[in-house]
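Got the structure open in your viewer? Let's take a walk through it, one selection at a time.

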Amino acid sequence: MDVGLIGLGAMGGGMARSLRAKGHAVHVCDVRAEAAAEFAAEGGIACANPAEVARGAAPCGAAAWAGTPAITAVRDEAVATDRATDRARRRGRVLELGLM
């Protein structure tokens, strides 16, 4: 399954590695481009921005945001402007995972 994650911090990075280890195609982006590049070198798929993550995950409609307030703001922009994200949301497969 194609899965998208925004944010490769402690939570998002661990989730991304676990999903990839289970054989999923994991599309990621992070404000730290080097984190996404390192993940791609390990077999993941680095994306330039959240909309690209959504497009990569949209064929199966699974996308997740591992959140901080900054990532939530980026998510809001992606959702507002990208039809692929909207399609995934309509299918009920967009998750926001925030830290409280």
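Which residues of helix 2 (residues 33-41) are buried? Select Ala-35, Ala-36 and Phe-39: those are the buried residues of this helix. Buried means under 20% relative accessible area, exposed means over 50%, and partly exposed is in between (1.4 Å probe, protein chains only). Helices (H or I, at least four residues) and strands (E, at least two) are DSSP runs, numbered from the N terminus.

Before going on, note that you are looking at a predicted model, where local features need pLDDT of at least 70 and side-chain atom pairs count only at pLDDT 80 or more, while totals for chains, interfaces and linings use all residues. Residues are numbered from 1 along each chain as its sequence is written, and side-chain values use heavy atoms, with hydrogens and water left out.

**Stop 1: around helix 2**

Turn the view so that you look down the axis of helix 2. Its buried residues fall within an arc of 95° (taken from the directions from the helix axis to the C-beta atoms), so they line one face of the helix. Now select Ala-33, Glu-38 and Ala-41, the exposed residues on the face turned away from the buried side. What do the buried residues of helix 2 pack against? Show helix 1 (10-21), strand 2 (25-29) and strand 3 (45-46), and you have the answer. Just past the helix, click on Gly-43, which has a positive phi, near 115°.

**Stop 2: the nonpolar core**

Next, select Leu-5, Leu-8, Ala-16, Val-26, Val-28, Ala-35, Ala-36 and Phe-39, the 8 residues of the largest nonpolar core. Such a core is a set of buried Ala, Val, Leu, Ile, Met, Phe, Trp, Tyr and Cys residues joined through side-chain atoms within 4.5 Å. Strand 2 and helix 2 each supply at least two residues of this core, and the largest share, 3 residues, comes from helix 2.

Keep Val-28 selected and look for its contacts (heavy atoms within 4.5 Å). Leaving aside neighbours within four places in sequence, Val-28 touches several residues, including Leu-5, Phe-39, Ile-45 and Val-53.

**Stop 3: the salt bridges**

How many salt bridges does a search of the whole structure find? There are 2, each a side-chain nitrogen of Lys or Arg within 4 Å of a carboxyl oxygen of Asp or Glu. Select Arg-20 and Glu-42 for one of them, with the closest N and O atoms 3.7 Å apart. This pair links distant parts of the chain: Arg-20 is in helix 1 and Glu-42 is in the loop between helix 2 and strand 3, 22 residues apart. Glu-42 counts as partly exposed because its relative accessibility is 46%.

Then pick Asp-30 and Arg-32, where the closest N and O atoms are 3.1 Å apart. Asp-30 is buried at 16% relative accessibility, whereas Arg-32 is partly exposed at 37%.

**Stop 4: two cysteines**

Select Cys-29 and Cys-47. A disulfide is a covalent bond between the sulfur atoms of two cysteines. Counting pairs of cysteine sulfur atoms within 2.5 Å gives 0 disulfides. Why is Cys-29 not bonded to Cys-47? The closest cysteine sulfur to that of Cys-29 is the one in Cys-47, and at 6.7 Å it is too far for a bond. Cys-29 is buried at 6%, and Cys-47 is buried at 10%.

**Last stop: Ala-54**

Finally, find Ala-54 in helix 3 (residues 50-57). Ala-54 is buried, with a relative accessible area of 4%. Add Val-3 to your selection: the two residues are 51 apart along the chain, and their C-alpha atoms are separated by 8.6 Å.
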